[in-house]
Amino acid sequence: MTLSPPVDTAAGAWVRCPRCSVTLYEPRLRRDQQVCPDCGHHHRIGAGERIDQLVDPGSWVPADDQPRSADPLGFSDTLPYPERVQRARRRSGLDEAAVHGTATIGGRPVVLAAMDFGFLGGSMGSAVGEVITRGAEDAMDRGWPYLILVSSGGARMQEGCLSLMQLAKTAQAMAEARRRGILTIGVLADPTYGGVTASFATLADVLIAEPGAMIGFAGPRVIENATRERLPEGFQTAEYLHGAGMIDRVEPRKSLRSTLTRLLILDAGRSAGDDRSAALHDRLDTAEVRQRPAADVLKLARQIQRPVTSDYLEAICDDFVELHGDRTHGDDPAVVGGLASIGGRTVMVLGHEKGHDTATLVLRNFGMPQPEGYRKALRLLRLAERLDVPVITFVDTQGAAPGVAAEERGQAWAIAECIAGMAELTVPVISVITGEGGSGGALALAVGNRVLMLENACYSVISPESCSTILYGHAGEAARLAETMKITAPELIKLGVVDAVVPEPDGGAHTAPDETTATVRSMIMAELDAVAGWSGEKCRQQRFDRFRALGVTA
């Protein structure tokens, strides 16, 4: 079976870029992966060319059982449906608008399905639904990741309600792959619309879009005609949707293969790891903790140059692929998360993010998450559970973002669902209080099987200043109340709130960040070794028992 039709690359072949109108030499455009060198426009390409760009040479093996369209309705418009399909086959060189098979990317095996917009607009009829579903079933049988390359105008009208039923067929196939812990990755190219977007295309665990790709349910013209409203700038583009929290990454073609390789390597490392850190566990777990006044500890915890989540990720992770968005409203930069590798072991990492300079602090809202930050966290926590990988969280926030907008978007509901979601996880959770742990906004990322705390971090139900203001009408009693509320590591060890203290350099973590991050890495590795092999029920029950015992009175 031919995947794509031959392309004329004879000398003198020229094409015009539809975005910038520059005339491009076709052989050079092909060498540039059909990306305009002047404006970066990603030209539409067929399934065959897309597969060739991504997979290891010679590794693509199409499945033997590729479905072909029938004519269940005897449909005819200006042409009988069978004749329209035959014309599409001649033009595209494909049997159908999608094909599936197996390949390797960066040496890692993958089941792959690719759609081709050049075949009847990449529309999904029964045959395409079968391709996508059989691909998912193949991935489940092999236990391999499932990669879907999408470009489609939606469901195929010529097959009527049978085409509509493919939304349910493909969606349930993706749901079953999720249930079985298969990593699914969707690459959304221009265009991706209609019933395809409203089914399998957006159900992948990781969604990556090409720059400028148009993605949505109804098309822009349909929406404008229906609403008589002017659409926002960039509406339905990949970049617009990334900002709205709907997709994880916008990835140019030149870097897509690399990103996919990293994800596949992380997927392969789900059960990997080493035990080199085990010998460090007892020594660090029983470290002597310096006794400092709580007000002094609070100052150190808030020190602007103290390592933040991004510093830990850079220092302790062998690789980290950040994932974005809550799939509902937005992508909150105050929470970062994604798949990572630590010591060869794949984990999901999450954390509050502040930054070290004014511009970053403002961008990250000083590490105070909006509701979409907690919903993003919960999405990634549930992904970790499906993939059966441990979770590492870094906690450093004054608290959840206050404000009218946050309340209108359900701040309390988002925090509550995140706390409950962590409590229910059947994978191990290691939480590290790295700076200031404030109120429910901190706890939402700290419902761990093991909770570690840096020596000069603090953890409290409310900030001492706010506590003083509520009780006395001013912040003047903050230092005394900080002592009284027992917010420091030695006191919280006694209360059973935290399990171990991470030693810091004499002057605080910010004075020797490399030393601090190395110590944190060692302790995390030791904790991961300690929980390795725990069953899902043990993970959930131990966490339940841990928090059930806190604050019990006679």
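**Figure 1. The buried residues of helix α2 in the predicted model.** In this predicted model, the α2 residues tucked out of reach of solvent are A47, G48, E49, R50, I51, Q53 and L54. That is 7 of the 8 residues in the helix, which spans 47–54, so α2 counts as mostly covered. What does the covering? The cover over the buried residues of α2 includes two helices, α1 (26–31) and α9 (253–268), along with the strands β4 (98–105), β5 (108–115), β6 (146–152) and β7 (184–192). Looking at how the helix sits on those strands, α2 lies across β4, β5, β6 and β7 and runs at about 160° to β5.

**Figure 2. Helix α2 against helix α9.** Here we zoom in on one of the helices that cover α2. Two packed helices are described by the angle between their axes and the distance between the axes. For α2 and α9, the angle is about 60° and the axes are 9 Å apart. The two helices are therefore oblique to each other. On the α2 side, the contact is made by R50, Q53 and L54, and on the α9 side by R253, L256, R257 and L260. Sorted by class, this contact has 3 nonpolar, 1 polar and 3 charged residues. R50, Q53 and L54 also turn up among the buried residues of α2.

**Figure 3. The open seven-stranded sheet and its edges.** Follow the strands across the sheet and the order reads β3-β4-β5-β6-β7-β8-β9, with mixed pairing in an open sheet of 7 strands. Which strands stand at the edges? They are β3 (61–62) and β9 (249–250); each has a single partner strand, so one side of each is left without a neighbour in the sheet. At the β3 edge, β3 and β4 pair in the antiparallel sense over 2 bridges. V61 takes part in this pairing, with T102 of β4 as its bridge partner. At the β9 edge, β8 and β9 also make 2 bridges, here in the parallel sense. I208 finds its bridge partner in β9, namely R249.

**Figure 4. Strand β8, covered on both faces.** This view stays with β8, residues 206–209. One side of the strand carries V206 and I208, the other carries L207 and A209, and all of them are buried. The strand is held in the sheet order between β7 and β9. On the β7 side, 4 bridges join the two strands, which run parallel. A209 is the bridge partner of L188. On the β9 side, the pairing is likewise parallel, over 2 bridges.

**Figure 5. T192 in strand β7.** T192 belongs to strand β7. Is T192 buried or exposed? With a relative accessible area of 0%, T192 is buried. Skipping neighbours within four places in sequence, the residues in contact with T192 are V150, S151, S152, T197, A201, M214, I215 and G216.

**Figure 6. Two buried loop residues, E96 and C317.** Start with E96, which is in the loop between α3 (81–92) and β4. E96 counts as buried because its relative accessibility is 2%. Leaving out neighbours within four places in sequence, what does E96 touch? Its contacts are P67, R68, S69, F119, A127, V128 and R156. Now to C317, found in the loop that links α12 (309–316) to β10 (319–322). C317 has a relative accessibility of 11%, so it too counts as buried. With neighbours within four places in sequence set aside, C317 is in contact with Y312, A340, S341 and I342. For a sense of spacing, C317 and R345 are 28 residues apart in sequence and 9.7 Å apart in space, taken from C-alpha to C-alpha.

**Figure 7. Helix α14 alongside helix α16.** The last view pairs α14 (residues 371–387) with α16 (residues 411–424), whose axes come within 8 Å and cross at roughly 20°. That angle makes α14 roughly parallel to α16. As for the sense of the crossing, α14 passes α16 in a left-handed one. From α14, the contact uses P371, Y374, R375, A377, L378, L381 and E385. Facing them from α16 are Q411, W413, A414, I415, E417, C418, G421, M422 and E424. How do these residues divide by class? The contact has 10 nonpolar, 2 polar and 4 charged residues.

Definitions and conventions:
Residues numbered from 1 in each chain as written. Predicted model: local features only at pLDDT ≥ 70, side-chain atom pairs only at ≥ 80, totals over all residues. Heavy atoms only, no water. Axes fitted to C-alpha atoms, helices over the stretch in contact; angles between N-to-C directions. Parallel < 35°, antiparallel > 145°, perpendicular 65-115°, else oblique. Left-handed = near helix turned anticlockwise from the far one by under 90°. Contact = heavy atoms within 4.5 Å. Nonpolar A, V, L, I, M, F, W, Y, C, P; charged D, E, K, R; others polar. Buried < 20%, exposed > 50% of the residue type's maximum accessible area, 1.4 Å probe, protein only. Pairing = 2+ DSSP bridges.
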